[in-house]
Amino acid sequence: MSDESGDESFRSLMFQWSARASVIAIGMVIPTIIGVGLDRLFGTVVLFAVIGVIIGMASGFWQLIRIASK
């Protein structure tokens, strides 16, 4: 007979960490995509994309710090 509760708690823990990683990744990618879209819309070369990358990195680090402090 296997320990079902231990397996469920492990799955739960893995889902929590994958959700946290997804939040960090999405928070870094979305501003970059918006920046590229704004560059295409306004005809700029990489201005908004660079701003999007900077905002995305700041957002990712902020989320990482927030998660690590818990």
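Is S59 buried, partly exposed or exposed? S59 is partly exposed, as its relative accessible area is 24%, and the cut-offs are under 20% for buried and over 50% for exposed. The model is a predicted one. The protein has two helices and zero strands, and S59 sits in helix α2. The points below cover the overall form, helix α2, and single residues in the two helices and the loop.

**Overall form**

- The secondary structure consists of two helices, with zero strands.
- The radius of gyration of the protein is 18 Å, whereas a compact globule of 70 residues would have one near 11 Å.
- Measured out along the principal axes, the C-alpha trace extends over about 65 × 25 × 10 Å.

**Surface and charge**

- Of the 70 residues in the protein, 16% are buried.
- The accessible surface amounts to about 5,500 Å², and carbon and sulfur atoms account for 74% of that area.
- The protein carries 5 positive and 5 negative charges, and the mean positions of these two sets lie 14 Å apart.

**Helix α2**

- Helix α2 takes in residues 47-68, which is 22 residues.
- At 1.5 Å a residue, α2 should span 32 Å, and this agrees with the 32 Å between its end C-alpha atoms.
- The buried residues of α2 are A49, G52, G56, G60, Q63 and I67.
- These buried residues lie on the same side of α2, because they cover an arc of only 70° around the axis.
- The other side of α2 has the exposed residues I54, F61, W62, I65 and A68.

**Residues within α2**

- G56 belongs to helix α2 and counts as buried because its relative accessibility is 0%, where buried means under 20%.
- G56 and I30 are 26 residues apart along the chain, and their C-alpha atoms are separated by 7.3 Å.
- S59 is also a residue of α2, but its relative accessible area of 24% makes it partly exposed.
- From S59 to D7 the sequence separation is 52 residues, and the C-alpha to C-alpha distance is 33 Å.

**Helix α1 and the loop**

- W17 is located in helix α1, which covers residues 4-42.
- W17 counts as partly exposed because its relative accessibility is 46%, between the limits of 20% and 50%.
- The C-alpha atoms of W17 and I67 are 9.9 Å apart, with these positions 50 residues apart along the chain count.
- I67 is one of the buried residues of α2.
- G43 falls in the loop between α1 and α2.
- G43 is exposed, because its relative accessible area is 62% and the cut-off for exposed is over 50%.
- Between the C-alpha atoms of G43 and A25 there are 27 Å, for residues 18 apart along the chain.

Conventions. Residues numbered from 1 in each chain as written. Predicted model: local features only at pLDDT ≥ 70, side-chain atom pairs only at ≥ 80, totals over all residues. Heavy atoms only, no water. Helix = DSSP H or I, 4+ residues; strand = E, 2+ residues; numbered from the N terminus. Expected span 1.5 Å × (residues − 1). Buried < 20%, exposed > 50% of the residue type's maximum accessible area, 1.4 Å probe, protein only. Arc of directions from axis to C-beta. Rg over C-alpha atoms; globule rule 2.2 N^0.38 Å. Areas by Shrake-Rupley, 256 points an atom, 1.4 Å probe, with all protein chains shown as cover. Lys, Arg positive; Asp, Glu negative; His and termini not counted. Charge placed at Lys NZ, Arg CZ, Asp CG, Glu CD.
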